Amino acid sequence: LVDQFVRFQSSNPLMLEFLVPLFKVCISYRSHKILSPLSERCTHVLEKLCRVKTYPREGVDTEMLHSILDDFINRKLYKTKKLSLLLTQSIMFLIRVLKGLNVPPVISPILTRSSRKRKQDSREEKLEKIGSLKVEEVIKWCTDALHHMITEKNSNVPIGFFVTFCERQAELSWKFLATLTAVLPCTGNHFKKIQAYTILNEILSKNTMLSEENVVTHLTLVVEDLQNIIVQ
């Protein structure tokens with residue numbers, strides 16, 4: 001029944017109510033001797049839910065979605081290692097829904113050439129919201145997880161989450177640069193450095209939001225770190 005609802009009522013806000021219960025069942029019964037088939041079925045439904053092309057754009061409790069994001073990123077991302085792919089898909093889906101929610105239209109004046117240039121130069125200024133997504137709040141949660149992944153030896157935070165984030169949320173991923181370049185010189189673990197450089201590569205290869213000054217500033221720190229590695 002849930003499967004059919006997700007399939008035919010994907011634009012219904014009630015669909016979002018299934019996300020947390022489905023994820024809980026996936027985790028709770030994954031290794032259960034009797035109920036593991038139920039977990040597999042719920043995993044299939046949840047994956048289908050996260051892939052829907054039509055999703056709710058109005059009538060959504062945005063605070064509830066941010067609360068779920070808070071729980072997924074600040075708690076489950078640190079310990080749900082075996083279902084990290086499913087968790088990543090769920091987080092990306094929630095961000096996509098929040099970004100796409102209807103917002104009051106903003107009537108912009110006709111921009112002159114100089115105005116357009118000023119607007120382009122200020123692309124990297126603080127973004128408070130995209131749609132209904134609280135950008136700075138969500139990015140803060142993600143950068144804390146990124147810092148934990150690189151600096152903590154036994155961290156369970158998956159690198160796949162950040163690679164996927166950079167691929168799907170390029171306009172937000174550049175905000176990881178400051179954290180990456182700050183922690184690179186501080187970690188002596190080469191495996192952690194490789195993880196950090198992998199994410200850095202994803203950001204720089206897919207991002208169009210960076211100014212030349214910003215790229216040069218961060219790459220200077222990266223080059224210094226590479227020089228230290230070569231010297232060692």
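Me: Buried means under 20% relative accessible area. Why is T179 called buried in this predicted model?

Reply: T179 has a relative accessibility of 16%. The cut-off for buried is under 20%, and therefore T179, at 16%, counts as buried. The residue is placed in helix α10.

Me: What makes T143, L146 and H147 contacts of T179?

Reply: Contact requires heavy atoms within 4.5 Å. T179 touches T143, L146 and H147 when residues up to four places away in sequence are not counted.

Me: Why is the pair D70 and R75 called a salt bridge?

Reply: The closest N and O atoms of D70 and R75 are 3.6 Å apart. A salt bridge needs a side-chain nitrogen of Lys or Arg within 4 Å of a carboxyl oxygen of Asp or Glu, so the pair D70 and R75 qualifies at 3.6 Å.

Me: Are D70 and R75 buried, exposed or partly exposed, and how do you know that?

Reply: The relative accessible area is 24% for D70 and 41% for R75. Partly exposed covers what lies between under 20% and over 50%; therefore D70 is partly exposed, and R75 is partly exposed as well.

Me: What makes R75 and D71 a salt bridge?

Reply: The N to O distance between the side chains of R75 and D71 is 3.0 Å. The limit is within 4 Å, so this pair also meets the rule. D71 counts as partly exposed because its relative accessibility is 22%. R75 thus has a salt bridge with D70 and with D71. D70, D71, R75 and K76 are linked in a network of salt bridges.

Me: How many salt bridges does this rule give?

Reply: The count comes to 9 salt bridges.

Me: What is the separation of D144 and K140 in helix α7, and why does their pair count as a salt bridge?

Reply: The side chains of D144 and K140 meet at 2.7 Å, N to O. With the cut-off set at within 4 Å, the pair is therefore a salt bridge. D144 and K140 are 4 residues apart in helix α7 (residues 135-151), which means a separation of about one helical turn. Both residues are partly exposed, D144 with a relative accessible area of 33% and K140 with 46%.

Me: How many aromatic pairs are there, and why is the pair F161 and F165 called tilted?

Reply: The count comes to 6 aromatic pairs. The ring centres of F161 and F165 are 6.1 Å apart, with the planes at 55 degrees. Centres must lie within 6.5 Å, and planes that are neither under 30 nor over 60 degrees apart count as tilted; the pair F161 and F165 is therefore tilted. F161 and F165 are 4 residues apart in helix α8 (residues 159-168), about one helical turn.

Me: What makes F165 and F176 a tilted pair, and which parts does this pair tie together?

Reply: The ring centres of F165 and F176 are 5.2 Å apart and the planes stand at 45 degrees, so the pair is tilted. F165 lies in helix α8 and F176 in the loop between α9 (170-173) and α10 (177-183), so the pair ties together parts 11 residues apart in sequence.

Me: Are F165 and F176 buried or exposed, and how do you know that?

Reply: The relative accessible area is 0% for F165, and the relative accessibility of F176 is 0%. Buried means under 20%, so F165 is buried and F176 is buried. F161 is buried too. F161, F162, F165 and F176 form one aromatic cluster.

Conventions. Residues are numbered from 1 along each chain as its sequence is written. This is a predicted model: local features need pLDDT of at least 70, side-chain atom pairs count only at pLDDT 80 or more; totals for chains, interfaces and linings use all residues. Side-chain values use heavy atoms; hydrogens and water are left out. Buried means under 20% relative accessible area, exposed over 50%, partly exposed in between (1.4 Å probe, protein chains only). Helices (H or I, at least four residues) and strands (E, at least two) are DSSP runs, numbered from the N terminus.
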